[in-house]
Amino acid sequence: MKETTLLVDDPAQRRRKGPDYDLRADPRPGNRPTPMKENPEKAAVSVIRCPDYGTDRVYGAVKEAVGLLGGMGRFVKKGERILLKPNLLAAKPVDSAVTTHPHVVKAVLRLVKEAGAAPVVGDSPGLGSARKVADKCGLAGILKDTGTELIELKEPVEAENPEGHTFKRFEVAREALGFDGIINIPKLKTHVQMFLTMGVKNMFGCVPGKKKPQWHLAAGTDALFFAGMLLDLYYLLRPRLTIMDAITAMEGNGPGSGDPRDLGLVFASPDALMMDTVAAGLLGARAYDVPVLRVAMERGIAPDESAINTLGEKAQPVRDFRFPPLMSPNFITSRLPYFVDKILRKSLTARPNINHGICTRCNICVEVCPPSVMERKDRILIDYDKCIRCFCCQEMCPHGAITSKEGWLKRLIPGL
Ligand code: SF4
Ligand code: SF4
């Protein structure tokens, strides 16, 4: 991958350590998280039921979820500035389940304030501004009423990542590095490329929007490469706490155009990888099919599910959650000869499919396509030979006109 060479002006900001570092310790081999004091044997993920987005109910659920982990005072200290990083993917109505619900963000910022710290909300949508997304989903009004600042994570700056497994440098938003700590507030959604987007993936929003295509280009058709980058980025930014909105999740054609699915759950953990493992398991996803979890397994940092202390609700497994088609069938490996791997990958891997009856030819997909393989003629055309299956087009299409379609060989032999 081509590396860029910007400098971080304040090295002290590259790695942050806050209070109670035991909960955020590096989970890589040899430096696994120190278990919670209350549960010396296991690290924790809390799961709390919350049936709807009533403001008080959401606040109660988030407070309880964080309380089981030791309370917000364990993660933030008086006087600190804390970045709250929700999922503000695109300017869509709140009911579409595209963004973290504003009431979840409100609950977190209230808890942070009650702990004596100063929350600031920020994100970098793939298209447009965080302000525009916040206006559309109703978050802007809450921030105004509570006197909370909203920032755009937009200025790229290079951060060294010496402990990264693969990626030793990242261009991240300068704005995201200027805080005492980060609280990650993802939305649980399906994701055509990453299968599911949860805690680890949400930190990709700290890469400025205009830099995101570079990562897609670098990854090409290799979803595992992209997942490995997400893991390294997560550990570079190392949010102190992740609180996930799964009250209404998204299933199907996520992350931008799927269907809302009521799950009625709030997850919280100081370790997003653990939280993602628990959430994926509840939905019935095999860790092997979720690229982030699969790469974590290959790197030897995947949490042992039996060693995760799940606190709170004994949530019932979800039996019929609708996942997107698998991006890459499991048997494809780099051990195959390159030309065989390439042919198989193309014929098996899911690809974007445009519903021309819905498409308005707004051209947004053409603008965001990292390798510029889309073209607007009398209809939108895709050069599938050069398409890298990043699904940025599907993610950003405002009309849900792009879905994923399984490769022809996979359709022919469904069991593959
Ligand atoms: S973004 Fe969607 S609606 Fe717009 S041109 Fe592309 S496919 Fe059509
Ligand atoms: S056509 Fe879509 S999936 Fe293919 S490279 Fe472009 S944005 Fe990515």
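**A friendly note on the fold, its core and its two ligands**

1. Leaving aside its neighbours within four places in sequence, valine 108 touches five residues: Val62, Leu84, Ile183, Ile185 and Ile243. As you turn the structure on your screen, please keep in mind that it is a predicted model. Valine 108 is a good place to start, since it is listed with Val62, Ile243, Val266, Phe267 and Ala279 as having the most contacts inside the largest nonpolar core, a group of 119 residues. Helix 8 supplies the largest share of this core, with 11 residues.

2. Now step back to the whole chain. The chain has 416 residues, and 48% of them are buried. Its secondary structure comes to 14 helices and 16 strands. Which parts of the sequence meet in space? Counting contacts between residues at least 6 apart in sequence, 74% join residues at least 24 apart.

3. Helix 8 deserves a closer look. This helix covers residues 223-237, and its 15 residues reach 21 Å from the first C-alpha to the last, close to the 21 Å expected at 1.5 Å a residue. Is helix 8 largely enclosed or largely open? Because 13 of its 15 residues are buried, helix 8 is largely enclosed by the rest of the structure. Just after the helix you will find arginine 238, with a positive phi of about 45°.

4. Helix 10 (residues 291-299) makes a nice companion. Pro291, Val292, Leu293, Arg294, Val295 and Ala296 are buried in this helix. What covers them? The cover includes strand 9 (195-197), helix 6 (199-202), helix 8 and helix 9 (272-283). Just after helix 10 comes glycine 300, whose phi is positive at about 80°.

5. Strand 9, part of that cover, holds leucine 196. Leucine 196 has 28 C-beta neighbours inside 10 Å, and therefore counts as buried. Beyond its neighbours within four places in sequence, leucine 196 is in contact with Thr190, His191, Ala280, Ala285 and Val290. Take Ala285 from that list: leucine 196 and alanine 285 are 89 residues apart in sequence, but their C-alpha atoms are 9.0 Å apart in space.

6. Next, try strand 1 (residues 43-49), which is mostly covered, with 6 of its 7 residues buried. How does strand 1 pair with strand 12 (residues 308-312), parallel or antiparallel? The two run in the parallel sense and share 5 bridges; valine 45 has threonine 310 of strand 12 as its bridge partner. Strand 1 also has 4 bridges to strand 11 (residues 259-269), and this pair is antiparallel. There, valine 47 stands opposite phenylalanine 267, one of the core residues named in point 1.

7. The loops have their own stories. Lysine 154 sits in the loop between strand 4 (149-152) and strand 5 (156-160). Why does lysine 154 count as partly exposed? It has 17 C-beta neighbours inside 10 Å, and a residue needs 20 or more to be called buried, or 12 or fewer to be called exposed. Setting aside neighbours within four places in sequence, lysine 154 is in contact with Ser124, Ala173, Pro208 and Gly209. Proline 208 is 54 residues away in sequence, yet the C-alpha atoms of this pair are 4.7 Å apart.

8. Some backbone angles are worth checking by eye. Glycine 254 and proline 255 are joined by a cis peptide bond, with omega at about 10°; proline 255 is in the loop between strand 10 (241-251) and strand 11. Alanine 97 is not a glycine, but has a positive phi of about 65°. Alanine 97 lies between strand 2 (81-86) and helix 2 (102-114), in a loop, and counts as buried because it has 25 C-beta neighbours inside 10 Å. Asparagine 363, also not a glycine, has a positive phi of about 80°. Its loop runs between strand 13 (351-354) and helix 12 (364-368). Asparagine 363 is exposed, with 12 other C-beta atoms within 10 Å.

9. Finally, the ligands. Which residues come nearest to ligand 1? Cys359, Cys362, Cys365, Cys397 and Ala401 do, out of the 13 residues around ligand 1. This shell divides into 9 nonpolar, 3 polar and 1 charged. Around ligand 2 there are 14 residues, and Cys369, Cys387, Cys390, Cys392 and Cys393 come nearest. The shell of ligand 2 has 13 nonpolar residues, no polar ones and 1 charged.

Notes: Residues numbered from 1 in each chain as written. Chains lettered and ligands numbered in written order. Predicted model: local features only at pLDDT ≥ 70, side-chain atom pairs only at ≥ 80, totals over all residues. Near = placed C-beta within 6 Å. Nonpolar A, V, L, I, M, F, W, Y, C, P; charged D, E, K, R; others polar. Contact = placed C-beta atoms within 7 Å. Expected span 1.5 Å × (residues − 1). Core = buried A, V, L, I, M, F, W, Y, C linked by C-beta atoms within 7 Å. Pairing = 2+ DSSP bridges.
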